[in-house]
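Hi,

Here is the structure I promised to pass on. Have a look, and my notes follow underneath.

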Amino acid sequence: MRRAMLAVVCGVFVMASARERRAEPQGGATIAGKIKFTGAKPANPKIDMSEEPKCKAKYQATPTEETVVVNPNGTLANVFVYVKSGLPESYKAPAPAGGVTLDQDGCRYHPHVLGILVGQPLEIKNSDGILHNIKAKGTKNRPFNISQPTTMTSTRTFTAPEVMVPLECNVHGWMHAWLGVLPHSFYGVSGADGSFSIKGLPPGTYTIEAWQEKYGTQTASVTVAGSETKTQDFTVAGK
């Protein structure tokens with residue numbers, strides 16, 4: 001009788017422990033939208049790559065910096081949109097699976113804007129095979145400066161949330177990228193059609209922030225429930 005009771009108690013304990021180890025599941029709601037652009041389209045500075053013929057050869061036309069990328073449909077690319085607040089206190093983000101790649105190709109960073117989770121590896125790749133360095137100018141994360149003299153990959157991680165961490169190359173002053181470090185995966189970057197999507201949200205009311213390197217930030221409050229999709233657009237006015 002006592003053995004049977006112990007078996008039941010142990011069985012319950014094992015089941016409870018398994019539930020505690022399991023990551024809290026994400027929800028099924030989505031926030032999606034577009035970053036619309038109004039006003040005069042700014043001209044990005046042209047890049048003189050004459051001293052780097054290996055990079056220059058990768059472009060048919062003179063490349064420009066990517067400070068403001070206006071898409072043909074009148075939207076903006078490279079806008080970082082993320083959940084700034086609103087997640088339940090009990091929410092625990094699943095551990096990151098794999099790393100995020102930042103490539104130096106054609107003497108530019110690809111992608112120009114990206115997101116990463118705290119503790120997730122950032123794989124910094126040099127595809128050009130010429131001297132690059134990457135300098136991370138974090139304030140909440142420890143800054144670093146890595147030299148990459150040839151084709152190679154270096155790995156770094158970040159220990160604290162920070163939106164955004166500026167990345168630059170001291171060898172090529174036009175090379176810039178921006179990294180959003182978050183404790184969760186609820187973020188997106190607007191693409192070639194200006195759209196973004198944040199999926200898997202638990203029910204709740206969230207503050208969503210859209211960040212653009214020249215025009216700053218905008219926020220919106222969005223409430224989602226169940227598996228619904230809510231549309232939240234942002235409009236950026238050119239200056």
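Tyr82 counts as buried, with 6% relative accessibility (buried means under 20% relative accessible area, exposed over 50%, and partly exposed in between, using a 1.4 Å probe and protein chains only). Phe80 is buried as well, at 0%.

Before I go on: this is a predicted model, where local features need pLDDT of at least 70, side-chain atom pairs count only at pLDDT 80 or more, and totals for chains, interfaces and linings use all residues. Residues are numbered from 1 along each chain as its sequence is written, and side-chain values use heavy atoms, leaving out hydrogens and water.

Back to the rings. There are seven aromatic pairs in the structure (rings of Phe, Tyr and Trp, the last by its six-membered ring, pair if their centres lie within 6.5 Å; planes under 30 degrees apart are stacked, over 60 edge-to-face, the rest tilted). The centres of the Phe80 and Tyr82 rings are 5.5 Å apart and their planes meet at 35 degrees, so this pair is tilted. Tyr187 joins Phe80 and Tyr82 in one aromatic cluster.

Phe144 has a different kind of visitor: the charged end of Arg156 sits over its ring, 5.8 Å from the centre (that takes NZ of Lys or CZ of Arg within 6 Å of the ring centre and within 35 degrees of the ring normal).

Then the sheet: it is open and mixed, with five strands ordered β5-β11-β10-β7-β8 (strands are DSSP runs of E, at least two residues, numbered from the N terminus, and two of them pair if DSSP finds at least two bridges between them). β5 (113-117) and β8 (144-148) are at the edges with a single partner strand each, so one side of each has no neighbour in the sheet. β7 (residues 132-136) runs antiparallel to β8, joined by five bridges, and Asn133 has Ser147 as its bridge partner in β8.

Cheers

Note on methods
Helices (H or I, at least four residues) and strands (E, at least two) are DSSP runs, numbered from the N terminus.
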